Amino acid sequence: MNRKFVVLPDLAALNAQALDHCLSSMKTAIQERGLFTIALSGGSTPKPLYEAIATQQLPWDKIHVFWGDERYVPPDHPDSNQLMARRAWLDRVDIPDSNIHAMPTDEADPADAARKYEEHLREFFQIQVGEIPALDLILLGMGDDGHTASLFPHTEALSVRDRLITVGNKDAQPRITFTVPLINHARCVMFVVAGTNKRPALAQVFAPIADDLTYPSRLIQPQGELWWLLDQTAGQDLKLGN
Ligand code: 6PG
């Protein structure tokens with residue numbers, strides 16, 4: 001694992017660096033494989049990054065957008081990660097609808113939606129059951145409790161190793177989420193984290209010894225590149241070994 005930490009002085013610098021990484025990852029992927037596959041994180045931190053990507057002149061037909069997790073709500077619900085990304089980015093650019101691979105949230109049973117999305121990934125990446133696709137870039141945030149995607153502390157989703165997509169749970173609210181194996185198979189994983197409220201969990205995530213099930217972001221150890229982009233308020237005083 002090739003892990004790098006960068007602490008940026010403020011949110012503007014954090015988002016500028018995150019944009020730079022997204023664009024260079026995109027350029028490499030398109031040069032090498034003719035397309036770029038990115039999974040988006042939800043929550044509030046990435047919104048300015050998505051707005052910045054929307055200002056770029058890019059080969060949108062070669063860019064495929066997935067989500068690393070989704071709240072189990074309709075796509076027009078204010079909590080929807082899909083809605084946030086569409087408003088901040090996807091509705092502002094000429095990206096083909098078929099390049100937007102939203103997580104389904106319309107099945108009565110979230111487990112059926114997880115299976116449907118997993119099947120969709122298999123078809124898109126042309127892989128068999130048991131194989132794991134390598135997305136070019138997976139964007140992640142981290143909650144105050146150290147969760148990432150919808151991999152929450154001490155939930156069953158943390159131990160799923162034989163699937164790509166599973167059902168996460170936050171306070172009994174279902175979510176659809178990438179599993180740890182799928183995230184760890186990415187060519188690059190990039191955390192973008194800001195705010196003093198993240199510092200206690202970051203200290204545990206970066207501690208040499210702490211409980212992975214209590215701080216699930218510790219489970220993210222990709223075989224490819226791992227970038228942690230932190231703003232000063234989140235990253236100051238942390239012992240980060242680059
Ligand atoms: C979600 C996210 C989640 C998020 C963290 C951080 O669906 O909420 O994918 O993992 O990244 O909770 O959220 P903030 O960026 O809003 O702090």
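Visitor: How many aromatic pairs does a search of the whole structure find?
Guide: Keep in mind that this is a predicted model. Rings of Phe, Tyr and Trp pair up if their centres lie within 6.5 Å. Searching the whole structure with that rule, the number of aromatic pairs comes to eight.

Visitor: What kind of aromatic pair do Phe124 and Phe125 form?
Guide: Their ring centres are 4.9 Å apart, and the planes make an angle of 80°. Planes over 60 degrees apart get their own label. So the Phe124 and Phe125 pair counts as edge-to-face.

Visitor: Is Phe125 buried or exposed?
Guide: Let's start with its partner: Phe124 has 24% relative accessibility, so it counts as partly exposed. The cut-off for buried is under 20%. Phe125 has a relative accessible area of 18%, so Phe125 is buried.

Visitor: Which residues form one aromatic cluster?
Guide: Now look for rings that group together. One aromatic cluster is made up of Phe5, Phe191, Phe206 and Trp228.

Visitor: Where does the ligand sit?
Guide: Look at what's around it first: 15 residues surround the ligand, and Thr45, Asp69, Arg71, Ala149 and Lys198 are the closest. By class, that shell has two nonpolar, four charged and nine polar residues. As for the spot itself, the ligand is in the largest pocket.

Visitor: How far from an oxygen atom of the ligand does a polar side-chain atom of Lys198 lie?
Guide: Two other residues reach ligand oxygen atoms through the backbone. For Gly42, a backbone N or O atom is 3.1 Å from one, and for Ala149 a backbone N or O atom is 2.7 Å from one. Lys198 uses a polar side-chain atom instead, and the distance is 2.7 Å.

Visitor: And how much of the ligand's accessible area does the protein cover?
Guide: On its own, the ligand has 410 Å² of accessible area. Of that, the protein covers 88%.

Note on methods
Residues numbered from 1 in each chain as written. Predicted model: local features only at pLDDT ≥ 70, side-chain atom pairs only at ≥ 80, totals over all residues. Heavy atoms only, no water. Near = heavy atom within 4 Å. Polar contact = N/O pair within 3.5 Å; in protein donor to acceptor, adjacent residues only side chain to side chain. Areas by Shrake-Rupley, 256 points an atom, 1.4 Å probe, with all protein chains shown as cover. 1 Å grid on protein atoms, 1.4 Å probe; cavity = no way out; pocket = protein on both sides within 12 Å on 5 of 7 lines; lining within 4 Å. Sits in = over half its atoms within 2 Å of the grid points. Nonpolar A, V, L, I, M, F, W, Y, C, P; charged D, E, K, R; others polar. Phe/Tyr/Trp six-rings, centres within 6.5 Å; stacked < 30°, edge-to-face > 60°. Buried < 20%, exposed > 50% of the residue type's maximum accessible area, 1.4 Å probe, protein only.
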